[in-house]
Amino acid sequence: MNIVIYYLPYLILLFLLAVPLGHYIEAVRLGRRHVLSPLLQPAERRLLACFGLRGDENMSAKEYCLAVLVSDSCF
C-alpha cells in the first residue's frame, strides 16, 4: 500500500505533463513557437551552453550515435 502512495502522484504528474511537453517537442522539431517556448527556451540554451553546444547546429550521424551510446551508458 505504501508503494502506491509514493508512485501515484508521480504517475499522475507524468500523465498530466506528457501531452503539453509532447506538443512542445513537436513544435521545436518543426521550428514553430509554442506556448511553453518562453519558459523552456532559456533553460534549453543554458543547458546547451553548459555542454559547449549551439542549438542551431545539426549533428552528424556519427555524433548522434556517439551521443546515444554515451547517454545509454549512464543508465
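Visitor: With Ala, Val, Leu, Ile, Met, Phe, Trp, Tyr, Cys and Pro as nonpolar, Asp, Glu, Lys and Arg as charged, and the others, Gly among them, as polar, how do the residues lining the largest pocket divide?

Guide: The lining holds seven nonpolar, five polar and eight charged residues. This is a predicted model, in which local features need pLDDT of at least 70 and side-chain atom pairs pLDDT 80 or more, while totals for chains, interfaces and linings use all residues. Residues are numbered from 1 along each chain as its sequence is written, and side-chain values use heavy atoms, without hydrogens or water.

Visitor: How much space lies in that pocket?

Guide: The largest pocket contains about 870 Å³. Of its 20 lining residues, L48, L53, R54, G55 and E57 come closest to the centre. A pocket is an open set of points on a 1 Å grid over the protein atoms alone, where a 1.4 Å probe fits, with protein on both sides within 12 Å along at least five of seven lines; lining residues have an atom within 4 Å of a point.

Visitor: Which helices supply at least two residues of the lining?

Guide: Helix 2 (37-50) and helix 3 (61-74) each do so. Helix 2 gives the most, namely six residues. Helices are DSSP runs of H or I of at least four residues, numbered from the N terminus.

Visitor: What about helix 2, then: how far does it reach?

Guide: Its 14 residues reach 19 Å from first C-alpha to last, close to the 20 Å expected at 1.5 Å a residue. That expectation is 1.5 Å times one less than the number of residues. Helix 2 is hardly covered, with one buried residue (under 20% relative accessible area, 1.4 Å probe, protein chains only). After helix 2 comes G52, with a positive phi near 70°.

Visitor: And helix 3, how many of its residues are buried?

Guide: The number is zero among its 14 residues, so helix 3 lies largely in the open. Its end C-alpha atoms are 20 Å apart, in agreement with the expected 20 Å.

Visitor: Changing topic: what does the secondary structure of the whole chain come to?

Guide: The chain has three helices and zero strands, in the order α-α-α from the N terminus.

Visitor: How do its overall dimensions come out?

Guide: The C-alpha atoms fill a box of roughly 50 × 35 × 20 Å along the principal axes. The radius of gyration, taken over C-alpha atoms, is 16 Å, whereas a compact globule of 75 residues would be near 11 Å. The globule rule is 2.2 Å times the number of residues to the power 0.38.

Visitor: What share of the chain is buried?

Guide: Of the 75 residues, 4% count as buried.

Definitions and conventions. Grid points are joined across faces, edges and corners, and a volume is the space filled by probe spheres set on the points. Ala, Val, Leu, Ile, Met, Phe, Trp, Tyr, Cys and Pro count as nonpolar, Asp, Glu, Lys and Arg as charged, and the others, Gly among them, as polar. Buried means under 20% relative accessible area, exposed over 50%, partly exposed in between (1.4 Å probe, protein chains only).
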